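I opened this model to take notes on how its parts pack together. My entries follow in the order in which I looked things up.

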Amino acid sequence: ENHILKDHYMWAYARFLLYLEETDPAELNGPESYVKQQIKENNTSFFPIARCISMESSDAGEEHLEREVRVKDLDEFKEKMNAMAADTEIMMQSERGMKADMKELRDAVAQQSQKVQALNQLLTSSDEDDKKKKK
């Protein structure tokens, strides 16, 4: 249980992957860039499946001090998700407004098109009347 909750704490991995996604590639160090490239290539070999540092270091006879990985407050993550949800709602409202505006524009164009066609018919009939008068 200690191994799962400390050595392989899943939220630490999730936070790390989110960090890689959000961070500018120029700001990543070598190992971070490597993992980001592995993810891009759908290669998950960097995940410690059936292995861990404490087991590998004890096999090598070394005592390894691993820096504690702390997961940031989930409140920060929740805030970002709520902000994204709010932004999404704003975008959806804007889309609805634009669709309504587009419908109004289509209707106005259709009305103007009908007026142009009516004027063309008047001009055509007027031209025909002028030709008849000349004969």
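Entry 1, burial and overall make-up. I looked up burial in this predicted model and noted that buried residues make up 8% of the 135 residues in the protein chain. I then listed the secondary structure, which comes to 5 helices and 0 strands, so that from the N terminus on I wrote the elements down as α-α-α-α-α. For contacts between residues at least 6 apart in sequence, I recorded that 43% join residues at least 24 apart.

Entry 2, helix 2 and helix 3. I looked at how helix 2 (residues 10-22) meets helix 3 (residues 30-40), and found that their axes come within 10 Å and cross at roughly 90°. That crossing angle makes helix 2 roughly perpendicular to helix 3. On the side of helix 2, I listed F16, L17, Y19, L20 and E21 as making the contact, while helix 3 contributes E32, V35, K36 and I39. Sorting these residues by class, I counted 6 nonpolar and 3 charged residues in the contact, with no polar ones.

Entry 3, the buried side of helix 3. Which residues of helix 3 are buried? I found E32, V35 and Q38, and when I looked down the axis of helix 3 these buried residues fell within an arc of 125°, so they line one face of the helix. I also noted what they pack against, which is helix 2.

Entry 4, E32. I returned to E32, which lies in helix 3, and asked whether this residue is buried or exposed. Its relative accessible area is 14%, and because buried means under 20%, E32 counts as buried. Leaving aside residues up to four places away in sequence, I noted that E32 touches F16, Y19, L20 and E27. Of these, F16, Y19 and L20 also appear in my list for the helix 2 side of the contact with helix 3. At the start of helix 3, I found a side-chain oxygen of N29 that reaches to within 2.9 Å of the backbone nitrogen of E32.

Entry 5, beyond the end of helix 3. I looked at what follows helix 3 and found N42, whose phi is positive, near 55°. I marked this value in my notes, since N42 has a positive phi although it is not a glycine. N42 is found in the loop between helix 3 and helix 4 (53-59), and at 71% relative accessibility I entered N42 as exposed.

How values were computed. Residues numbered from 1 in each chain as written. Predicted model: local features only at pLDDT ≥ 70, side-chain atom pairs only at ≥ 80, totals over all residues. Heavy atoms only, no water. Axes fitted to C-alpha atoms, helices over the stretch in contact; angles between N-to-C directions. Parallel < 35°, antiparallel > 145°, perpendicular 65-115°, else oblique. Contact = heavy atoms within 4.5 Å. Nonpolar A, V, L, I, M, F, W, Y, C, P; charged D, E, K, R; others polar. Buried < 20%, exposed > 50% of the residue type's maximum accessible area, 1.4 Å probe, protein only. Arc of directions from axis to C-beta. Polar contact = N/O pair within 3.5 Å; in protein donor to acceptor, adjacent residues only side chain to side chain.
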